[in-house]
Amino acid sequence: MTTQRETLAKIERLKADVLRAIGRWDAAWKAFAEIRRMDAEPAEKPTPAQLQTRGIEAAMLEQNGHLGLALDALNARLKDEPDEQKLLSQRLALYEKFGWTEIAAREKMRLALFVQQKKTAGKL
């Protein structure tokens, strides 16, 4: 039963992402609701599938203009993946959309330091 639910959730994730990309929002939100219904209960450490669901949620919220909710979803995802450069860049972009220039400047500095540390660690 669990593998069937996981398979159905995977199909709905793909469906929601495709529908979001082509702008069919009503159908995308319905698919997202199905994902939520079929996803396993949140564990202490989220599965890759649950992280993907959170990413889809953040993207859908941002594209619908719900920037505050998108930032909240992105911050929740960053708690589980704090070293993910792509997520940090997305958060920086949201700060800039809000017009929060000081916070965006600090985030840009943090991101630059993070990238430099990764490069330095790779050379050792």
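# Close-ups of a six-helix chain

**View 1. Helix 3 meets helix 4 in a left-handed crossing.** Left-handed here says that the near helix is turned anticlockwise from the far one by less than a right angle, while clockwise would make it right-handed. What you're looking at is a predicted model, where local features need pLDDT of at least 70, side-chain atom pairs count only at pLDDT 80 or more, and totals for chains, interfaces and linings use all residues. Numbering starts from 1 along each chain as its sequence is written, and side-chain values use heavy atoms, with hydrogens and water left out. The axes of helix 3 and helix 4 come within 8 Å and cross at roughly 160°. Helix 3 is therefore roughly antiparallel to helix 4 (angles over 145 degrees get that label, those under 35 are roughly parallel, 65 to 115 roughly perpendicular, and the rest oblique). The axes themselves are lines fitted to C-alpha atoms, for helices over the stretch in contact, and the angles run from 0 to 180 degrees between N-to-C directions. From helix 3, Leu51, Arg54, Gly55, Glu57, Ala58, Leu61 and Glu62 meet Leu67, Leu69, Ala70, Ala73, Leu74, Ala76, Arg77 and Asp80 of helix 4. Sorted by class, the residues in this contact are 9 nonpolar, 1 polar and 5 charged. For these classes, Ala, Val, Leu, Ile, Met, Phe, Trp, Tyr, Cys and Pro are nonpolar, Asp, Glu, Lys and Arg are charged, and the others, Gly among them, are polar.

**View 2. Stepping back, the protein chain has 6 helices and 0 strands.** Both are DSSP runs numbered from the N terminus: helices are H or I with at least four residues, strands are E with at least two. Follow the sequence and the pattern reads α-α-α-α-α-α. The C-alpha trace spans about 45 × 35 × 25 Å along its principal axes. Of the 124 residues, 32% are buried (under 20% relative accessible area; exposed is over 50%, partly exposed in between, using a 1.4 Å probe on protein chains only). Among contacts with a separation of 6 or more, 44% link residues 24 or more positions apart. A contact, by the way, has heavy atoms within 4.5 Å.

**View 3. Helix 2 passes helix 3 in a left-handed crossing.** Helix 2 covers residues 25-38 and helix 3 covers residues 48-63; they pack at an angle of about 150° with their axes 11 Å apart. That angle makes helix 2 and helix 3 roughly antiparallel to each other. On the helix 2 side, look for Trp25, Ala28, Trp29, Phe32, Ile35 and Arg36, and on the helix 3 side for Thr53, Ile56, Glu57, Met60, Leu61 and Gln63. This contact breaks down into 8 nonpolar, 2 polar and 2 charged residues.

**View 4. Arginine 13 sits in helix 1, residues 2-22.** Is arginine 13 buried or exposed? Its relative accessibility is just 3%, so arginine 13 counts as buried. A polar atom of the arginine 13 side chain lies 3.1 Å from the backbone oxygen of alanine 49. That fits the polar contact rule: a pair of N or O atoms within 3.5 Å, where within protein one must be able to donate a hydrogen and the other to accept it, and residues adjacent in sequence count only if both atoms are side-chain atoms. Setting aside residues up to four places away in sequence, arginine 13 touches Ile35, Asp39, Ala49, Gln50, Gln52, Thr53 and Ile56.

**View 5. Isoleucine 56, in helix 3, comes into focus.** Its relative accessibility is 5%, so isoleucine 56 is buried. Isoleucine 56 and arginine 13 are 43 residues apart in sequence, but 7.8 Å apart in space from C-alpha to C-alpha. Apart from neighbours within four places in sequence, isoleucine 56 is in contact with Arg13, Ala16, Asp17 and Phe32.

**View 6. Helix 4 (residues 67-80) and helix 5 (residues 85-98) have axes that come within 10 Å.** The axes cross at roughly 155°, so helix 4 and helix 5 are roughly antiparallel to each other. The crossing is left-handed. Leucine 71 belongs to helix 4 and, with a relative accessible area of 9%, is buried. Not counting residues up to four places away in sequence, leucine 71 touches Arg91, Leu94, Tyr95, Phe98 and Trp100.
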